[in-house]
Amino acid sequence: METDTAADGTQLHTVDHTYQADPDQPLSEAVLAAIASESELDTLELADEFGPLYDVIDPTALDSLFQSGLKTERSVGTVTFEYATYRVTVDQDGEVVLEDRA
């Protein structure tokens, strides 16, 4: 667990939850599965509760960013965005980190 300091000086505790996407699983699906697992909602309930994922990030772009193909190498780095009650970070290895600010 990490701690951050809010603008008013209070300590905020952040909790990280890490998930690994299956090798053939698109990252957008891994993000939804990770959040569904953590929040105990299914992916349809997530969309009803927080809006569709595409309202905050283009799922196709996310999936293709770290996908390797015959002509391209896999991109290196991470992408971070906020969805539901989490700051979501995904990387080129398919790791999905959910940071819940409680």
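Trainee: In this predicted model, what follows helix α1, and what is the sign of its phi?

Mentor: Glu-40 comes after α1, and its phi is positive, near 65 degrees.

Trainee: How do you know that the length of α1 agrees with what a helix of 13 residues should span?

Mentor: Helix α1 covers residues 27-39, and at 1.5 Å a residue the expected span is 18 Å. The end C-alpha atoms of α1 are 18 Å apart, so the two values agree.

Trainee: Which residues of α1 are buried?

Mentor: Leu-27, Ser-28, Ala-30, Val-31, Ala-34, Ile-35 and Ala-36.

Trainee: Why is the pair of Phe-50 and Tyr-83 called edge-to-face?

Mentor: A search of the whole structure gives one aromatic pair. In that pair, Phe-50 and Tyr-83 are 6.5 Å apart centre to centre, with 65 degrees between the planes. The cut-off for edge-to-face is over 60 degrees, so the pair qualifies.

Trainee: What does the pair tie together?

Mentor: Phe-50 belongs to helix α2 (residues 43-50) and Tyr-83 to strand β3 (residues 78-83), so parts 33 residues apart in sequence are tied together.

Trainee: What makes Tyr-83 buried and Phe-50 partly exposed?

Mentor: Tyr-83 has a relative accessible area of 2%. Buried means under 20%, so Tyr-83 is buried. Phe-50 has 34%, which lies between 20% and 50%, so Phe-50 is partly exposed.

Trainee: How do you know that β3 pairs with β4?

Mentor: Pairing needs at least two bridges, and six join β3 to β4 (residues 86-91), so the strands pair. The two strands run antiparallel, and Glu-82 stands opposite Arg-87 in β4.

Trainee: Which residue in the hairpin of β3 and β4 takes a positive phi?

Mentor: Ala-84, near 60 degrees; the hairpin has two residues between the strands.

Terms used. Residues are numbered from 1 along each chain as its sequence is written. This is a predicted model: local features need pLDDT of at least 70, side-chain atom pairs count only at pLDDT 80 or more; totals for chains, interfaces and linings use all residues. Side-chain values use heavy atoms; hydrogens and water are left out. Rings of Phe, Tyr and Trp (its six-membered ring) pair if their centres lie within 6.5 Å; planes under 30 degrees apart count as stacked, over 60 as edge-to-face and the rest as tilted. Helices (H or I, at least four residues) and strands (E, at least two) are DSSP runs, numbered from the N terminus. Buried means under 20% relative accessible area, exposed over 50%, partly exposed in between (1.4 Å probe, protein chains only). The expected span of a helix is 1.5 Å times one less than its number of residues.
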